[in-house]
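Q: I've just opened this one and don't know my way around yet. Could you walk me through it while I ask things as they come up?

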Amino acid sequence: MKAAVYHKPADIAVEERDVYDILDDEMLLRTRAASICGTDLRIFKAGHFKIPGGSSRVLGHEVSGEIARVGSLVRGFREGMRVSFTPNIGCGRCEMCRQGYNNMCPDYEAFGISVDGGFQEYMVVPNIAIRGGNVFEVAENLSFEEAAVVEPLSCCYNAFSGLKVTPEDTVLVIGPGPIGACFVQLAKASGARKIIVAGRRDERLREMERFGADITVNSRDKDLKAEIDRITAGRGVDVVITAASSPELQPLAVELLATHGRVNFFGGLPKGSLAEIDTNRVHYRGLTLTGTTGSSNEDYYRSMQLVANGQINVRDIVSHRFPIDDIGAAFALAQTGTVMKSMIVHH
Ligand SMILES: [Zn+2]
Ligand SMILES: [Zn+2]
């Protein structure tokens with residue numbers, strides 16, 4: 001079998017490996033689809049503290065496939081079953097895990113970070129993932145590609161559910177990428193009155209209209225604050241999501257909010273970045289500042305239901321498909337930031 005192995009920043013090599021043996025409490029997955037995420041690109045560029053120098057890892061945490069072998073002690077799964085995962089595996093015992101937040105466990109393991117992920121033809125599903133409830137049977141009407149993209153959707157769902165969007169809200173999404181496409185659709189499904197997307201690339205902004213954006217603003221050509229003032233007659237927007245990793249967006253987002261507005265700082269910033277926020281605005285306008293990371297098993301389950309019921313389209317988020325041998329080209333394309341989602345597909 002082939003595995004794309006990350007050794008150090010800028011070094012991923014496709015290597016031949018034996019298909020894995022599994023323990024009695026594990027499963028073997030035949031990987032079918034694994035999409036490339038911003039996290040994969042960040043690791044490829046700058047490494048990860050859970051992958052120390054000298055060690056290697058198969059990246060890829062947005063994964064689906066079919067079960068090839070089930071250990072004798074595993075219950076509830078069978079060969080041929082189509083499954084996908086929540087990547088963050090909690091310890092199961094800490095305060096966060098006990099409250100259902102496996103994505104917030106300080107002692108987490110994760111596919112594609114501390115456990116080998118989906119950029120390989122077969123992967124081991126360790127017992128902690130099975131026990132942790134991280135393995136989901138893929139809904140019948142979903143393709144393997146769609147099932148892989150449920151993962152980024154679930155991270156958006158986690159952010160979005162805290163923003164309490166109603167049909168009265170005007171929602172602004174900053175960052176017209178795959179994540180932006182998920183947020184636009186969640187806003188649409190929630191009945192938001194108006195959905196605005198801001199970004200710096202016209203071709204991506206046009207894509208957002210297909211997913212349900214009412215208005216797009218190219219913030220390279222136009223001053224976003226002035227445009228939002230114009231669109232909302234000076235009122236501001238009720239909800240902003242910053243789906244881009246740029247420190248200056250966070251204070252700007254706060255400035256764009258109407259009274260009782262809510263923001264989610266979705267895109268993380270480079271370590272050590274600080275943003276200067278006008279907290280008087282937060283105080284006098286009753287604003288709510290939120291942030292989220294990853295998704296819990298519950299977020300994931302609910303997200304898969306939204307896709308299975310046809311309320312969210314993740315199929316059209318996938319724009320490019322590559323065989324594993326071309327993973328270098330796939331990463332290079334994804335890094336340009338000009339395309340939607342690139343996917344490694346195994347046949
Ligand atoms: Zn991801
Ligand atoms: Zn825990």
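Q: Where is Ile241 found?
A: In this predicted model, Ile241 is found in strand 13, which covers residues 237-242.

Q: And is Ile241 buried or exposed?
A: Ile241 is buried, since its relative accessible area is 0% and the cut-off for buried is under 20%.

Q: What is Ile241 in contact with, if we skip its neighbours within four places in sequence?
A: With those neighbours left aside, Ile241 is in contact with Phe160, Leu163, Val171, Leu172, Val173, Ile174, Phe183, Asn264 and Phe266. As for spacing, the C-alpha atoms of Ile241 and Arg262 are separated by 8.7 Å, while the two residues are 21 apart along the chain.

Q: Switching to the metals: which residues are the protein donors of the zinc ion (ligand 2)?
A: The protein donors of that zinc ion (ligand 2) are Cys91, Cys94, Cys97 and Cys105, each through its SG atom, and they lie 2.3 to 2.4 Å from the ion. Along the sequence these donor residues follow the spacing C-x2-C-x2-C-x7-C.

Q: What arrangement do the four donor atoms make around the zinc ion (ligand 2)?
A: The arrangement is tetrahedral, because the angles that the four donor atoms subtend around the zinc ion (ligand 2) are 104 to 117°, and four donors count as tetrahedral if all angles lie between 85 and 135 degrees.

Q: Are Cys91 and Cys94 buried or exposed?
A: Cys91 is buried, with a relative accessible area of 19%, and Cys94 is buried as well, with a value of 18%.

Q: OK, what about the zinc ion (ligand 1), which protein donors does that have?
A: For the zinc ion (ligand 1), the protein donors are Cys37 through SG, His61 through NE2 and Glu62 through OE, at 2.2 to 2.4 Å from the ion. Their spacing in sequence is written C-x23-H-E, and both His61 and Glu62 are buried.

Q: What touches His61 and Glu62 from helix 4?
A: One residue to look at is Glu151, whose place is in helix 4 (residues 144-161). Not counting residues up to four places away in sequence, Glu151 touches His61, Glu62, Phe85, Pro87, Ser295 and Tyr300.

Q: Which side chain of opposite charge is nearest to Glu151?
A: That is Lys341, which is 6.8 Å away, and Glu151 is buried yet has no salt bridge. For a salt bridge, the nitrogen and the carboxyl oxygen have to be within 4 Å.

Q: So how many salt bridges does the count come to?
A: The count comes to 19 salt bridges. Among them is the one between Glu66 and Arg32, whose side chains meet at 2.8 Å, N to O. Because Glu66 lies in strand 4 (residues 62-70) and Arg32 in strand 3, this pair ties together parts that are 34 residues apart in sequence.

Q: Tell me about Arg32, what is it in contact with and how accessible is it?
A: Arg32 has its place in strand 3 (residues 27-35) and counts as partly exposed at 22% relative accessibility, whereas Glu66 counts as buried at 18%. Leaving aside neighbours within four places in sequence, Arg32 is in contact with Ser64, Gly65, Glu66, Phe144, Ile344, Val345 and His346. Arg32 and Gly118 are 8.4 Å apart in space, C-alpha to C-alpha, and 86 residues apart in sequence.

Q: Which residue does Arg321 form a salt bridge with?
A: Arg321 forms a salt bridge with Glu145, and their closest N and O atoms are 2.8 Å apart. This pair links distant parts of the chain, with Arg321 in strand 16 (residues 318-322) and Glu145 in helix 4, 176 residues apart. Arg321 is partly exposed, with a relative accessible area of 43%, while Glu145 counts as buried at 18% relative accessibility.

Q: Which residues do salt bridges that share partners join into one network?
A: That network is made up of Glu146, Glu207, Arg210, Arg315 and Asp316.

Q: Last one: what is the distance between the closest N and O atoms of Asp11 and Lys8?
A: Those atoms are 3.3 Å apart, and Asp11 forms a salt bridge with Lys8. Asp11 counts as partly exposed, at 22% relative accessibility.

Key:
Residues numbered from 1 in each chain as written. Chains lettered and ligands numbered in written order. Predicted model: local features only at pLDDT ≥ 70, side-chain atom pairs only at ≥ 80, totals over all residues. Heavy atoms only, no water. Donors = N, O, S within 2.8 Å, 3.2 Å for Na, K, Ca; no water. Tetrahedral: all angles 85-135°; square planar, octahedral: opposite > 155°, others 65-115°. Buried < 20%, exposed > 50% of the residue type's maximum accessible area, 1.4 Å probe, protein only. Helix = DSSP H or I, 4+ residues; strand = E, 2+ residues; numbered from the N terminus. Contact = heavy atoms within 4.5 Å. Lys, Arg positive; Asp, Glu negative; His and termini not counted.
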